[in-house]
Amino acid sequence: MPHGPPAAPILYTFPGEEPLVAALAEFIIKAQDEAIQKRDRFTLAVSGGSLAQHLAGLIGNPGVKWDKWHIFFADERCVPLDHEYSNYRLINEELLTKVDIPAEQVHAIDTSLLDDLDELADEYEQGLIREFANRETARFPVFDLILLGMGPDGHTASLFPGHALLTESDRWVAWIDDSPKPPPTRITLTFPVINHAHKCAFVATGAAKEDILHTVLDKPEEGLPSSRVRVAQPGMTYWFVDDAAAAKTEYLRTPFKA
Ligand SMILES: O=C1O[C@H](COP(=O)(O)O)[C@@H](O)[C@H](O)[C@H]1O
């Protein structure tokens, strides 16, 4: 199906952690069911950071069909997989070690290439090509779902404010060696990939995110990275936010319905 201009993001707010985690699991399972019905598999890109702990509603959930899941990383820090900074380590500890997903369906970076960021990003992109080639005719891979976080500076994945990568229009996976947040070296999916997904969902919680959420949702013209996530239609962008993070935004709330 051809892609159209992006629709405005949908904002769901929740009174606390527990209802947000439950709703997010329902939302992910619905995306999974739609994907399996149409394509017999579920392709997901996950972020690191605080997102990992918000995936707890999937653990032990009978609705999840783990054998159909193919997990990539929206961004990864260029460190060994057991390093304290590794996004893989976080997701592995919080989720993957607690569920029954085939190991070959989890696509971590190739840590033998940590000394050559160009090679590392290229190898990760090749993994996407192997997964998506001949399945979608689009110029970019079309993930069923990309789960994103947002840093207090408005960054998402490893796309930071003011960085040259914000205008990348060709590569699927890019590297940086000047991340303002440690560690400096990272790879990241680029905006064209993120904005071609079937669905993209941000998760942001806590009062430390209230100012930046206000800017990102109410002043998109400022062009912060998280404001630039606008999935092309028929895809959609969603925000799962708790009341603390939503305290300052005046953006229209939508009642959650999976
Ligand atoms: O550095 C990163 O930060 C963002 C946001 O993290 P959070 O802990 O504030 O939610 C995260 O989404 C990204 O994957 C990570 O590499």
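How much area does the protein expose, and what share of it do carbon and sulfur atoms supply? The exposed surface comes to about 11100 Å², and carbon and sulfur atoms supply 50% of it. Keep in mind as you look around that this is a predicted model.

Let's start with the whole thing. The protein is built with five helices and 11 strands. Its radius of gyration is 17 Å, close to the 18 Å that the globule rule gives for 258 residues, so the protein is as compact as a globular protein of that length. If you drew a box around the C-alpha atoms along the principal axes, that box would be roughly 45 × 40 × 40 Å. Of the 258 residues, 55% count as buried. Now think about who touches whom: among contacts with a separation of 6 or more, 79% are between residues 24 or more positions apart.

Next, find helix H1, which runs over residues 17-39. H1 has 23 residues and reaches 32 Å from its first C-alpha to its last, close to the 33 Å expected at 1.5 Å a residue. Several of its residues are tucked away: the buried ones include Leu20, Val21, Leu24, Phe27, Ile28, Ala31, Ala35 and Ile36. Here's a handy bit of background: an α-helix has 3.6 residues a turn, so residues three or four places apart point the same way. What covers the buried residues of H1? The cover includes strands S2 (10-14), S3 (42-46), S4 (69-73), S6 (145-148), S9 (199-204) and S11 (236-242). Just after H1 comes Asp40, and its phi is positive, near 60 degrees.

Now for the ligand. It is surrounded by 15 residues, and the closest are Gly48, Ser50, Asp75, Arg77 and Lys181. In the side chain of Asp75, an N or O atom sits 2.5 Å from an oxygen atom of the ligand. For the side chain of Arg77, the matching distance to a ligand oxygen atom is 2.9 Å. Lys181 also has a polar side-chain atom 2.9 Å from an oxygen atom of the ligand. Taken alone, the ligand exposes 390 Å², and the protein buries 92% of that.

Finally, look for Val79, in the loop between strand S5 (75-77) and helix H2 (87-94). Is Val79 buried or exposed? Val79 has a relative accessible area of 8%, so it counts as buried. Leaving aside neighbours within four places in sequence, Val79 is in contact with Tyr85, Ser86, Ile109, Thr111, Leu114 and Pro183. Take Pro183: Val79 and Pro183 are 104 residues apart in sequence, yet their C-alpha atoms are 8.2 Å apart in space.

Methods:
Residues are numbered from 1 along each chain as its sequence is written. This is a predicted model: local features need pLDDT of at least 70, side-chain atom pairs count only at pLDDT 80 or more; totals for chains, interfaces and linings use all residues. Side-chain values use heavy atoms; hydrogens and water are left out. Helices (H or I, at least four residues) and strands (E, at least two) are DSSP runs, numbered from the N terminus. The expected span of a helix is 1.5 Å times one less than its number of residues. Buried means under 20% relative accessible area, exposed over 50%, partly exposed in between (1.4 Å probe, protein chains only). Contact means heavy atoms within 4.5 Å. A residue is near a molecule or strand if one of its heavy atoms lies within 4 Å of it. A polar contact is a pair of N or O atoms within 3.5 Å; within protein, one must be able to donate a hydrogen and the other to accept it, and residues adjacent in sequence count only if both atoms are side-chain atoms. Accessible areas come from the Shrake-Rupley method with a 1.4 Å probe; for residues, only the protein chains shown count as cover. The radius of gyration is taken over C-alpha atoms; the globule rule is 2.2 Å times the number of residues to the power 0.38.
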